[in-house]
Amino acid sequence: MAAARSFQLGEGRLPTSWDDLTPAHLPSVPDDPYGTGGLKMLATPDRFAIYSVGENGEDDGGKGAFDREERMQLGSGMDDIVLDRPAGHAAQSVSGSVVGA
């Protein structure tokens, strides 16, 4: 998340893919502890989120990544694990797990 913020401060926009962050802001895409390969990123022009495929090992597209209420309703039905930004930060989004505004 710090790498995404650093990118945003330098470029004036949110990252749209891991290519925006590696290697200038991150040496490589962080490994997904539940899947093969790296964490996923979801991106729109004004939001980004980072997520893991979760315990089932399947990429469910980061369901609920941009909607905290939707994630709460999905509860155990949400297999992807979305990474949230710390409270008080602007909305952002990434593949798989999420960072929000």
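Which residues make up the largest nonpolar core of this protein? The core has eleven residues: A3, A4, F7, L14, W18, L21, L26, L39, M41, F48 and I50. Helix 1, helix 2 and strand 2 each supply at least two of these core residues, and helix 1 gives the most, with three. Please keep in mind as you read on that this is a predicted model.

**Overall layout**

- The protein contains three helices and three strands, and from the N terminus the order of elements is α-α-β-β-α-β.
- Of the 101 residues in the protein, 39% are buried.
- The accessible surface amounts to about 5500 Å², and carbon and sulfur atoms account for 50% of that area.
- If we take contacts between residues at least 6 apart in sequence, 44% of them join residues at least 24 apart.

**Helix 1 and its two sides**

- Helix 1 spans residues 2–11, and its buried residues are A3, A4, F7 and Q8.
- Looking down the axis of helix 1, these buried residues fall within an arc of 140°, so they line one face of the helix.
- A2, L9 and G10 are exposed on the other side of helix 1.
- What do the buried residues of helix 1 pack against? Their partners are helix 2 (18–21) and strand 2 (47–52).
- Just after helix 1 comes G12, which takes a positive phi of about 75°.

**The core and helix 2**

- As a general background, nonpolar side chains in soluble globular proteins tend to be buried together.
- L21 is one of the eleven core residues. Setting aside neighbours within four places in sequence, L21 is in contact with A3, A4, F7, P15, L26 and M41.
- D20 also has its place in helix 2. Is D20 buried or exposed? D20 is buried, because its relative accessible area is 19%, while the cut-off for buried is under 20%.
- Not counting residues up to four places away in sequence, D20 touches F7, R13, P15 and H25.
- F7 therefore appears in several places here: F7 is among the buried residues of helix 1, which line one face of that helix. F7 is also in the nonpolar core, and F7 is touched by D20 and in contact with L21.

**The sheet**

- The three strands form an open sheet in the order 1-2-3, and their pairing is antiparallel.
- Strand 1 (40–44) and strand 3 (81–83) are the edge strands, each pairing on one side only.
- From one strand to the next, the twist averages 30°.
- How many bridges join strand 1 to strand 2? There are five, and the two strands run antiparallel.
- Strand 1 and strand 2 form a hairpin, with two residues between them.
- Within this pairing, T44 has R47 of strand 2 as its bridge partner, and A43 has F48 of strand 2.
- On the other side of the sheet order, three bridges join strand 2 to strand 3, and this pair is antiparallel too.
- I50 stands opposite L83 in strand 3, and I50 is also listed in the nonpolar core.
- Why is strand 2 described as largely enclosed by the rest of the structure? Five of its six residues are buried, so the strand is largely enclosed.

**A loop residue: E55**

- E55 lies in the loop between strand 2 and helix 3 (68–74).
- With a relative accessible area of 69%, E55 is exposed, since exposed means over 50%.
- E55 and Y34 are 21 residues apart along the chain, and their C-alpha atoms are separated by 5.7 Å.
- Beyond its neighbours within four places in sequence, E55 is in contact with Y34 and D79.

Key:
Residues are numbered from 1 along each chain as its sequence is written. This is a predicted model: local features need pLDDT of at least 70, side-chain atom pairs count only at pLDDT 80 or more; totals for chains, interfaces and linings use all residues. Side-chain values use heavy atoms; hydrogens and water are left out. Buried means under 20% relative accessible area, exposed over 50%, partly exposed in between (1.4 Å probe, protein chains only). Helices (H or I, at least four residues) and strands (E, at least two) are DSSP runs, numbered from the N terminus. The arc is that of the directions from the helix axis to the C-beta atoms. Contact means heavy atoms within 4.5 Å. Accessible areas come from the Shrake-Rupley method with a 1.4 Å probe; for residues, only the protein chains shown count as cover. A nonpolar core is a set of buried Ala, Val, Leu, Ile, Met, Phe, Trp, Tyr and Cys residues joined through side-chain atoms within 4.5 Å. Two strands pair if DSSP finds at least two bridges between them. Axes are lines fitted to C-alpha atoms, for helices over the stretch in contact, and angles run from 0 to 180 degrees between N-to-C directions.
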